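Me: Please take a close look at a single part of this model, the way the two copies meet, and then follow the account inward to the parts of each chain.

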2 protein chains.
Amino acid sequence: MGLTYKISATIPYDMCDVNGNVRVPQMMALAMQVSGMQSIEVGMADDVILERFGLVWIISDHTLEITRLPRFLENVVIETEAVSHNRYFCYRNFRIMDVEGNILMAQRTTFMLMDIETRKVQTVINEIVEAFQSEFVKKIIRMSKFKDLEHPTEKEFRVRFYDLDMNGHVNNGKYLEWVYESLSEDFLMNHVPTKIELKYVKEVMPGGLIQTVVELEEVESIISHHEVHSDGDVNAYARMEWRSYKESEGEHEL
Amino acid sequence: MGLTYKISATIPYDMCDVNGNVRVPQMMALAMQVSGMQSIEVGMADDVILERFGLVWIISDHTLEITRLPRFLENVVIETEAVSHNRYFCYRNFRIMDVEGNILMAQRTTFMLMDIETRKVQTVINEIVEAFQSEFVKKIIRMSKFKDLEHPTEKEFRVRFYDLDMNGHVNNGKYLEWVYESLSEDFLMNHVPTKIELKYVKEVMPGGLIQTVVELEEVESIISHHEVHSDGDVNAYARMEWRSYKESEGEHEL
């Protein structure tokens, strides 16, 4: 159990898709901001960690379970907790809740600390994790293996100037956007995700093109398997589980 | 002189480009939100206009003059005024000011009212413009003519699912993003705009591809001339004036 931190928010127009549901990549970006706010509160803001230790946070993976997507103008609480860490990995949970406290989205994100000079991952520094009252655990949480794609469909995207953040890196949230965009508009209009697993492997470089490849599988539920490629390398893997959007009640009431 | 309305804002990380300057398309989107907030305050919110008159606002064009781009974490005031209108056009001014009241960006946007059923532009309704104390003027403000492009460079973009807003339309702000993206990363890293003129001609349809074409001209200043195309039609024209970014003092101090 680590320190928790939460904010209240109302879902604005700009964060919603055509169906009036929150856009998951933007919801995740907001969740990351909330963790940044907690870091400031406990005196371990990103610039402090950079100045004192020469380190920056990088994200290894996200696992997100979705009961229901928050909707346009809905009031939600976004809560985060720096739960635990081991030698290299720091695990942080996020919960998006409705006004009655029901959990709409539950996310676990794995962070690592990277040396800004050598670009290499460093072992966790006690002073940092203690500020968040994060618990030391031996266990490393492993994601289930990503499937080899057999007959994937490919789409190509240009990396846009505005896909870069202020540090000149492709913003973390963009990868999930590319994953979404690899699916057809028709599919996205008629399905909502129930689970998302995303693993970052290698940073996409600014400029140039990326390819997203996707393969759909329909077993008990619909599963989409994704890879983001550039320059012949895999940059990210993702797996998403979906349910039909029409089954859902009330989500059209806007 | 119409009613004015203003908000204070701090420029967040997400609104900044690689140089730590505000991203103009996002600044314009925020300005539009401020005008929406004024509409709510005077009792003429978009949903009221839709329900009572069957009308929606559409944007015809923007003219934006930029003294200096707001920077990361800078506190600004965003002020809007529904200045004047004639039979078809409503003119609204925006001013982005620094803490000392200096005008950083001055924008004029021309709005029109469209019938939601017939999709045709309607004459201005007095009850609406009176709520904003907008002044009737006979004069129609005309933009200077956009140049015919002789040797343009072309880039192609996919219209993304997330380029659509909740109404299923390509968000107005996307056109300026595409205009920016038609220029090279190198150019965008080393130049900032001083003036932007953007005229919407025809809506880009969801799905499919758009082409942005651009031609650079260097006379006394650097001017870029742009068109956004899709399906053989011109969707928007733009002209931007630029200055070298390295000349500017202090903008790297982040």
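Reply: Chain A can be superposed on chain B with an RMSD of 0.0 Å by a turn of 180 degrees together with a shift of 0.0 Å along the axis, where the fit is by least squares on the C-alpha atoms of residues with pLDDT of at least 70 in both copies. That is the relation of a two-fold axis. Among the residues of chain A, Phe157(A) comes closest to the rotation axis, with its C-alpha at 3.9 Å.

This is a predicted model, in which local features need pLDDT of at least 70 and side-chain atom pairs count only at pLDDT 80 or more, while totals for chains, interfaces and linings use all residues. Residues are numbered from 1 along each chain as its sequence is written, and chains are lettered from A and ligands numbered from 1 in the order in which they are written.

Between the chains, 21 residues of chain A are in contact with 21 residues of chain B, contact meaning that the C-beta atoms of two residues, placed from the backbone, lie within 7 Å. On the side of chain A that touches chain B, the elements giving two or more residues are strand S8 (153-158), helix H4 (172-181) and helix H5 (185-190) of chain A; helices (H or I, at least four residues) and strands (E, at least two) are DSSP runs numbered from the N terminus. H4(A) gives the most to this side, with three residues. By class, the side of chain A that touches chain B has 12 nonpolar, three polar and six charged residues, with Ala, Val, Leu, Ile, Met, Phe, Trp, Tyr, Cys and Pro counted as nonpolar, Asp, Glu, Lys and Arg as charged, and the others, Gly among them, as polar. Because 100% of the interface residues of chain A are also interface residues in chain B, the copies meet through the same surface.

Within one copy there is a further division, since chain A is split into domain 1 (1-142) and domain 2 (144-254), with bounds that come from an automatic or database domain assignment. The C-alpha centres of domain 1 of chain A and domain 2 of chain A lie 20 Å apart, and 19 residues of domain 1 of chain A are in contact with 18 residues of domain 2 of chain A. On the domain 1 side of this boundary in chain A, helix H1 (24-41) and strand S2 (55-66) each supply at least two residues, and the largest share, eight residues, comes from S2(A). The residues of that side divide into 10 nonpolar, six polar and three charged.

Helix H1 can be followed in chain B, where H1(B) (residues 24-41) has 18 residues and reaches 26 Å from its first C-alpha to its last, close to the 26 Å expected at 1.5 Å a residue, that span being 1.5 Å times one less than the number of residues. Its buried residues include Val24(B), Met28(B), Leu30(B) and Ser39(B), a residue being buried if 20 or more other C-beta atoms lie within 10 Å of its own, exposed if 12 or fewer, and partly exposed in between, with C-beta atoms placed from the backbone. Met37(B), also found in helix H1 of chain B, is partly exposed, with 15 other C-beta atoms within 10 Å. Leaving aside neighbours within four places in sequence, Met37(B) is in contact with Tyr5(B) and Ile7(B). Just after H1(B), Gly43(B) takes a positive phi of about 80 degrees.
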